[in-house]
Amino acid sequence: MREVIIITQPERVKILSDETRFKILQLLRQRPMTIWELSMALGKDRTTIYRHIKALEKAGFVEELGSEGNEKLYGRTARLFLIKAEPHESIENFRQAYLQVEAERLVEILEKAGIKIKDRESLKKLIKDILNEIEVNSQPIIKRISEANVEMSEIELFHFLNVLVFLQSCELCEKAEKVKELIEI
């Protein structure tokens, strides 16, 4: 299993836009599982899970790892998937919903850290806008890394993303000031 796979192709992201497939990948992050285990965890019939597993396998998100009794055991092909597809009409709703969830999660993290937020909704919207801008502007570099199939560890990915943000820091200064106004550290 690789540490990180960067997903930039809209057709591969579209595979993940299905809620059941996304949940399957979340479950497989915990440990490899059989079709039966996934079926029980998701409350869906085995043929439905099998069909989704095959779509995920064909797209390179999961792989067969062996057998457990009569059942095949499936696992993720990477510990972490970085989804950074350029805006495309077939996945734009999923991409925007994904950014919304991430913005909400980041606001929750700030709150759990004891950071006072003056206007939660404004901060969420601003964070979503910032994430979208960084993602769109970074796409040419991210796409080249993805196409080159460069192996990265999680820490290398973290540093790589920091560099991408740094490259855009001048353009994001005004938004950074707005974020500072919305939080009290």
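# Reading rings, cores and strands

Me: In this model Phe22 has a relative accessibility of 27%, which makes it partly exposed. Before I go on, what kind of model is this?

Reply: A good place to start! This is a predicted model, so please keep that in mind for everything we discuss. As for the label on Phe22, the partly exposed class lies between buried, under 20%, and exposed, over 50%. With its 27%, Phe22 therefore falls in that middle class.

Me: Phe22 has an aromatic ring, so how should I read ring pairs, and how many aromatic pairs does a search of the whole structure find?

Reply: The general idea is that two aromatic rings are described by how far apart their centres are and by the angle between their planes. Here the search of the whole structure gives three aromatic pairs. In one of them, Phe22 and Phe94, the centres are 6.2 Å apart and the planes meet at 70°, so this pair is edge-to-face. Phe22 belongs to helix H2 (residues 19-30) and Phe94 to helix H5 (residues 92-112), so the pair ties together parts 72 residues apart in sequence. Unlike the partly exposed Phe22, Phe94 is buried, at 17% relative accessible area.

Me: Which residues do the ring pairs link into a cluster?

Reply: Phe22, Phe94 and Tyr98 are joined by ring pairs into a cluster.

Me: Can a ring have a charged neighbour too? What sits over the ring of Phe61?

Reply: Look at Arg12: its charged end sits over the ring of Phe61, 5.0 Å from the ring centre. Arg12 is also one of the residues that Phe61 touches, together with Ile7, Ile15, Leu16, Leu25, Leu56, Gly75, Arg76, Thr77 and Phe81, leaving aside residues up to four places away in sequence.

Me: That is a long contact list. How do I read a nonpolar core, and which residues have the most contacts inside the largest one?

Reply: As a general tendency, nonpolar side chains in soluble globular proteins are buried together. In this structure the largest nonpolar core holds 24 residues, and Leu38, Ile53 and Phe61 have the most contacts inside it. Two or more residues each come from strand S1 (2-7), helix H1 (10-16), H2, helix H3 (35-42), helix H4 (46-58) and strand S5 (78-83). H2 gives the largest share, four residues. Another core lies apart from this one, with 13 residues that include Ala103, Leu123, Ile127 and Ile130.

Me: Now to the strands. In what order do the three strands of the open sheet stand?

Reply: One general point to carry along: side chains of a regular strand alternate between the two faces of the sheet. In this case the order is S2-S4-S3, with antiparallel pairing. S2 and S3 are the edge strands with a single partner each, so one side of each has no neighbour in the sheet. Strand S4 (residues 71-76) has five of its six residues buried, so the rest of the structure largely encloses it.

Me: How many bridges join each edge strand to S4?

Reply: Strand S2 (residues 33-34) is joined to S4 by two bridges, while strand S3 (residues 62-68) pairs with S4 over six. To find the register, trace Leu73: Thr34 stands opposite it, and Leu73 is also the bridge partner of Gly66. Another pair to look at is Glu64, opposite Tyr74 in S4. S3 and S4 form a hairpin with two residues between them, and Gly69 in the turn has a positive phi of about 70°.

Me: How many disulfides are there?

Reply: Taking two cysteine sulfurs within 2.5 Å as the rule, the count is zero. Cys170 is in no disulfide, and its nearest cysteine sulfur, in Cys173, is 5.5 Å away. From the side of Cys173, that 5.5 Å to Cys170 is too far for a bond. Cys170 is exposed at 66% relative accessible area, and Cys173 is partly exposed at 43%.

Me: One last case: is Lys84 buried or exposed?

Reply: Lys84 counts as buried, because its relative accessibility is 17%. You will find Lys84 in the loop between S5 and H5, where it touches Ile7, Thr8, Glu135, Gln139 and Ile142, again leaving aside residues up to four places away in sequence. For practice, compare Gln26 in helix H2, which at 47% counts as partly exposed.

Definitions and conventions:
Residues numbered from 1 in each chain as written. Predicted model: local features only at pLDDT ≥ 70, side-chain atom pairs only at ≥ 80, totals over all residues. Heavy atoms only, no water. Phe/Tyr/Trp six-rings, centres within 6.5 Å; stacked < 30°, edge-to-face > 60°. Buried < 20%, exposed > 50% of the residue type's maximum accessible area, 1.4 Å probe, protein only. Lys NZ or Arg CZ within 6 Å of the ring centre and 35° of its normal. Core = buried A, V, L, I, M, F, W, Y, C linked by side-chain atoms within 4.5 Å. Contact = heavy atoms within 4.5 Å. Pairing = 2+ DSSP bridges.
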